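Visitor: Please take a close look at the surroundings of the ligand in this model. After that, add whatever else about the chain deserves a note.

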Amino acid sequence: MNDKNLIEVKLLNKTFTKKVGRHLFNRKVIPVHAVNNVSFEVKKGETLGIIGESGCGKTTTARMLLRLQKETSGEIYFKGTDLCKLNEKQTAKFRSNMQMIFQDPYDTLNPGMRIIDILMEPINAHLKGLSHKEKKAMVKESIEAIDLKPAERFIYRYPHELSGGQRQRIAIARSIILEPDFIAADEPTSMLDVSVRAGILNLLLKLKEKMGLTMMFITHDLTTASYMCDRIAVMYQGEIVEIGTTQEVINYPSHPYTRALVSVVTDLNHFIDNRERIILDGEVDATMEKKGCIFVNRCPFKEEHCEHHSPDFIQKEENHFVACSCLDKVPAGLPKEQIFDKKPVS
Ligand SMILES: Nc1ncnc2c1ncn2[C@@H]1O[C@H](COP(=O)(O)OP(=O)(O)OP(=O)(O)O)[C@@H](O)[C@H]1O
Ligand SMILES: [Mg+2]
C-alpha cells in the first residue's frame, strides 16, 4: 500500500436483489448492481468527493468502507489492513477510527436520549476505564468544537429541543469525539435549511484542518463538492467514470456524463453563463445487464464498440483519469473563461 494513502479500495462490488413483477407470489428476483468494480484511493489528509445522481451507489460505497454493509467482493485497505478479511471482533477495533455522518440528523440521534448520553455512548464503547468526570470533559470539549457554546446549555437537552442544524452539529460531535482518522460525510447538509448549510460545511472544513482528518464527502451537488473537496470521483450507475483533482474535473470534465453535470451547474460563480447545457435523455437503471460502457444508452458520443467493451481508465493528467473509449470525439475542456480556481481552505 502506498504510504500517502489512508484507504485503498480495489475492485469493490455490491449486488443487491430486487423483486419485480405484479403478482404477489410470483415475483422475479433480479440483481441490482449498486457498486461495480470500483477502485480508488483516499490520500491522507485529503477530502475526496463522491458525486453522482441518485441511486448511483455513493452511500453503498461509503457504507462498505465503514463496514456498515458487507461487500459482495473486493478489497478495502485501511492503513494497510484489508477490512474485508476481518471478523466482527477485529472490525470493532477499527470502528472508532472511521466514522460516518449521515444525511438526516432527525433520524440518526436517538430521540429518547439526552445529548450527553448520546455523546457518551461511543466513549463507553471504546474508551473503557475513564471516570465520569473525564468522559463529561470529553463531551463538553466535543460540543465546543462544533461551536455550540457554552456546552452546559446543550448537553442536558433532548434532540427534539434542537434545530436541524444544531442536531447535525451534534452528529458531527459524535463522529469526532473519539478523534478518528477518517470521516465519511454522506450529504450532510441536504436535509437542512439553506440558511444553515454553509455553517455546517465550514465547520467540517475547520475540523478537518484542526484535527488533520481525511474525509470522503458525498454529494450530488457539484458546487458543494467544489467547495469541500480536493479531488472528485464521479460515479455513474455503480461505477467511477472520472476521478481527478477538483480543478481538473470541473475545468476539464472529460467523461460525457461529467460534462453534462458541469454544464448545468448554475451557481459556480466563476462560470460564465452562456454555456451550452447538456441535457441527458433517459435515466439510471441499476438493474441493467452489464456489458460494455455503463453510460452507453445516454451517451451522445457512443460508438458501436461501446456496446460491448467496458472502457479502461485513460490518464489525462497526473491526477486525472477518465473511463471513456471515445475521448477523441468528446470536445476538450470548456471555454477558457470558465476556468475555476479552487480557493485554498482558510
Ligand atoms: N438494502 C438495499 N436493498 C436493495 N437495493 C438497495 C439497497 N440499498 C441500496 N440499494 C440500491 O442500490 C443502488 C445504489 O443505492 P445508493 O443508496 O448507494 O445510491 P446513492 O448514490 O447513495 O443515491 P442517493 O443520492 O439517492 O442517496 C440503488 O439502485 C438502490 O436502490
Ligand atoms: Mg445516498
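Guide: What follows starts at the ligand, goes on to backbone details, and ends with the cavities. The model is a predicted one.

Ligand 1 is surrounded by 13 residues, and the closest of them are Ser54, Gly55, Lys58, Thr59 and Thr60. Sorted by class, this shell holds five nonpolar, five polar and three charged residues. Two elements, strand 2 (28-43) and helix 1 (58-65), each contribute at least two residues to the shell. Helix 1 gives the largest share, three residues.

Several polar atoms of the protein face oxygen atoms of the ligand. In the side chain of Ser54, an N or O atom lies 2.4 Å from an oxygen atom of ligand 1. For Gly57 the partner is a polar backbone atom, 3.1 Å from an oxygen atom of ligand 1. Glu187 takes part through its side chain, where an N or O atom is 3.5 Å from an oxygen atom of ligand 1. On its own, ligand 1 would expose 640 Å², of which the protein buries 62%.

Strand 2, one of the elements in the shell, also contains Asn37. The phi angle of Asn37 is positive, about 45 degrees, although Asn37 is not a glycine. Asn37 counts as partly exposed because its relative accessible area is 49%. Glu179 also has a positive phi without being a glycine, with a value near 50 degrees. Its place is the loop between helix 7 (164-176) and strand 7 (182-186). The relative accessible area of Glu179 is 61%, so this residue is classed as exposed.

Lys18 belongs to strand 1 (residues 5-20). Its C-alpha atom is 5.5 Å from that of Val29, with the two positions 11 residues apart along the chain counted as their separation. At a relative accessible area of 42%, Lys18 is partly exposed.

A further backbone detail is the cis peptide bond between Lys149 and Pro150, with omega about -10 degrees. Pro150 sits in the loop between helix 5 (132-145) and helix 6 (152-155).

Last, the enclosed space. Searching the whole structure gives two cavities of 30 Å³ or more. The largest has a volume of about 80 Å³. Among the residues that line the largest cavity are Cys293, Cys299, Cys306, Cys324 and Cys326, along with His255, Phe295 and Lys302. By class, its lining comprises eight nonpolar, two polar and one charged residues.

Conventions
Residues are numbered from 1 along each chain as its sequence is written. Chains are lettered from A and ligands numbered from 1 in the order in which they are written. This is a predicted model: local features need pLDDT of at least 70, side-chain atom pairs count only at pLDDT 80 or more; totals for chains, interfaces and linings use all residues. Side-chain values use heavy atoms; hydrogens and water are left out. On a 1 Å grid over the protein atoms alone, a cavity is a set of points where a 1.4 Å probe fits but cannot get out, and a pocket is an open set with protein on both sides within 12 Å along at least five of seven lines; lining residues have an atom within 4 Å of a point. Grid points are joined across faces, edges and corners, and a volume is the space filled by probe spheres set on the points. Ala, Val, Leu, Ile, Met, Phe, Trp, Tyr, Cys and Pro count as nonpolar, Asp, Glu, Lys and Arg as charged, and the others, Gly among them, as polar. A residue is near a molecule or strand if one of its heavy atoms lies within 4 Å of it. A polar contact is a pair of N or O atoms within 3.5 Å; within protein, one must be able to donate a hydrogen and the other to accept it, and residues adjacent in sequence count only if both atoms are side-chain atoms. Accessible areas come from the Shrake-Rupley method with a 1.4 Å probe; for residues, only the protein chains shown count as cover. Helices (H or I, at least four residues) and strands (E, at least two) are DSSP runs, numbered from the N terminus. Buried means under 20% relative accessible area, exposed over 50%, partly exposed in between (1.4 Å probe, protein chains only).
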